[in-house]
Amino acid sequence: CYFIPITLTFVLPISALFSSSLVYGRFAADRELDACRASGVSMWTLVYPGLTLAILVAVANLVLSFYVAPAFVHRSEKSVKANAEQILFRNIQKKGFYGLPGSDYRLYADQAFPSTNILEGIVVVDGRKEGDSRLITAELAKVEIETHSTYNEARVVFQNAWRFSDDSVVSLGNSSASTRFPPLLSDDVKFQKIEELKRIQADKINYYPIYEMAVKTRDQLAIEMLAEEINRQFEYNDENYGYPLHDADENQKICLLSAGSAVIDPGKSERIQLTAPIRLLQTDTVRGTHIRFDCESGYITIQGDSSDVLFELHLDNPTWQRAGLAPRLAVHKYVNNIKPPQHFMAPLSMPRILTTIQDVGTPNSVLKAEPSERLQKSLDEWPEELASVDSEISAEIHSRLVLGLGCVALILTGIALGILIRGGHVLSAFGASAIPGGLLVTFIMSGKSLTINPSTPMMTGVAIMWTGLVVLILLTMLVYRKLLRT
């Protein structure tokens, strides 16, 4: 039922074309047209009911394509969202795993309890970062899926969790992880109301594919901004003075980090490689003292993929020491929930991120150093991606307009051909009038393809779509010219 308005967008013009050509064909074949003309009734008066039908169908088509069909698609999306958690648990019960649509996360579980949203023996495979496979294991986990107008968010709360990666094993304890994934249908340009299309044109961050791309570019940019600031701080070369790291939850300084340098890792995205000697002074809030960690290798990376930027610090095989105790060796040291400096917040916030990205490499850039090869590659993709969204929106708007307005000329052509081919089969007029309709659809599809094609100027495709409508109108005028002369 939710998809009926989409089919009506195409069914209504064809139905009206069929009925008008058939009715006026029978009207002329039964000599009723001759009787009306002999009585002094003008041809335009006889065509008036058909013209009224054509205008109503055109208006209905425009309303369906710009408002009704997108609204029903969004309703179908809501009905799917309402059962999102049940879908997840049914898949886990049936297959043992479930991959979130449009996401790089996959959930495996030994047992699922839908009534309480609990999973037992859970493994979460995270394939987001190339060259850095990760998985999280936990005894228990509770899954919650939140639905929003432009995206969905899955949140998993773990009990006794561990995270494994290629080069580290980290105990997360009782923690949580979240990921966003796109709507199944309603985020496609084809299923947007005109207001949504205009809103995306005004601020493309409202379009989920652009939002997702912006998050990845932002994370890499945030890492490089942090590396730049850390290196600036390390220039003091004082072992008792390091870069302050702040906890996102407690909003206070938790430790000081010092190292030889902070280098962007060319092999892995969103990672700063720290060079020796590395020292971390962490505040012991209970005793009011510091715990010192010393090691030769470590790195800082982005934590999660939420709308907020958070960092996490990894130290490999650190030696740690508390005042009054002998040094000891640890396998790993892991610090998470590190929030960026306050002056990072505004330029990296989602409302301003597109402007920040576009300013990189200019005098207004938040990144003073040269961007890395990975970041530069991402930045080079942005002009094409933004232009592609503009092209898709223009193609969609103009195709809907041309198809809707073309209904008037198409139905009028069917009326005239129905009268002119009155001596043939009743379906002959409909078959003949379907040819201009096919011609119009050909122009629309060709124009849309050329509008979206990045190698072709956008206005070329738009012009071809409207050329199809002009050709149909000229054909209609020629047919009526012949009709009035007959």
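A charge sits over a ring if NZ of Lys or CZ of Arg is within 6 Å of the ring centre and within 35 degrees of the ring normal. In this predicted model, the charged end of K95 meets that description, sitting over the ring of F97 at 5.2 Å from its centre. R75 does likewise with F72, lying over the face of the ring at 5.2 Å from the ring centre.

**Aromatic pairs**

Rings also meet one another here, and the count comes to six aromatic pairs. One of them is formed by Y24 and F27, and another by W44 and Y480. The table sets these two side by side.

| Pair | Arrangement | Centre to centre | Angle between planes |
|---|---|---|---|
| Y24 and F27 | edge-to-face | 6.3 Å | 75° |
| W44 and Y480 | stacked | 5.7 Å | 10° |

Y24 and F27 are both found in helix α1 (residues 4-29), where three residues, about one turn of the helix, set them apart. An α-helix has 3.6 residues a turn, so residues three or four places apart point the same way. Are these two rings buried or exposed? Y24 has a relative accessibility of 9%, so Y24 counts as buried, and F27 is buried too, with a relative accessible area of 18%.

The pair of W44 and Y480 bridges a long stretch of chain. W44 belongs to helix α3 (residues 43-82) and Y480 to helix α11 (residues 458-485), so this pair ties together parts that are 436 residues apart in sequence. W44 counts as exposed, because its relative accessibility is 54%, while Y480 is buried at 6%.

**Around helices α10 and α11**

T476 also has its place in α11. At 7% relative accessibility, T476 counts as buried, because the cut-off for that label is under 20%. What does the side chain of T476 reach? It reaches the backbone oxygen of A409, at 3.3 Å. Leaving aside neighbours within four places in sequence, T476 is in contact with A409, L412 and T413.

Helix α10 (residues 428-452) is made up of 25 residues. From its first C-alpha to its last, α10 reaches 37 Å, close to the 36 Å expected at 1.5 Å a residue. Its buried residues include P436, G437, L440, I444 and K448. Which helices do the buried residues of α10 pack against? They pack against α1, α9 (373-420) and α11.

**A residue in α5**

Helix α5 (residues 194-202) holds E195. E195 is partly exposed, because its relative accessible area is 45%. In sequence, E195 and Y67 are 128 residues apart, yet their C-alpha atoms lie 9.0 Å apart in space.

**Paired strands**

Now for the strands. Strand β11 (residues 262-264) and strand β12 (residues 271-274) run antiparallel and are joined by three bridges. Within this pairing, I264 stands opposite I272 of β12. The hairpin of β11 and β12 has six residues between the strands, and E270 takes a positive phi near 55° there.

Strand β12 has a further partner: four bridges join β12 to strand β15 (residues 297-302), again with the strands running antiparallel. Which residue of β15 is the bridge partner of L274? That partner is G298.

Conventions
Residues numbered from 1 in each chain as written. Predicted model: local features only at pLDDT ≥ 70, side-chain atom pairs only at ≥ 80, totals over all residues. Heavy atoms only, no water. Pairing = 2+ DSSP bridges. Helix = DSSP H or I, 4+ residues; strand = E, 2+ residues; numbered from the N terminus. Buried < 20%, exposed > 50% of the residue type's maximum accessible area, 1.4 Å probe, protein only. Phe/Tyr/Trp six-rings, centres within 6.5 Å; stacked < 30°, edge-to-face > 60°. Polar contact = N/O pair within 3.5 Å; in protein donor to acceptor, adjacent residues only side chain to side chain. Contact = heavy atoms within 4.5 Å. Expected span 1.5 Å × (residues − 1).
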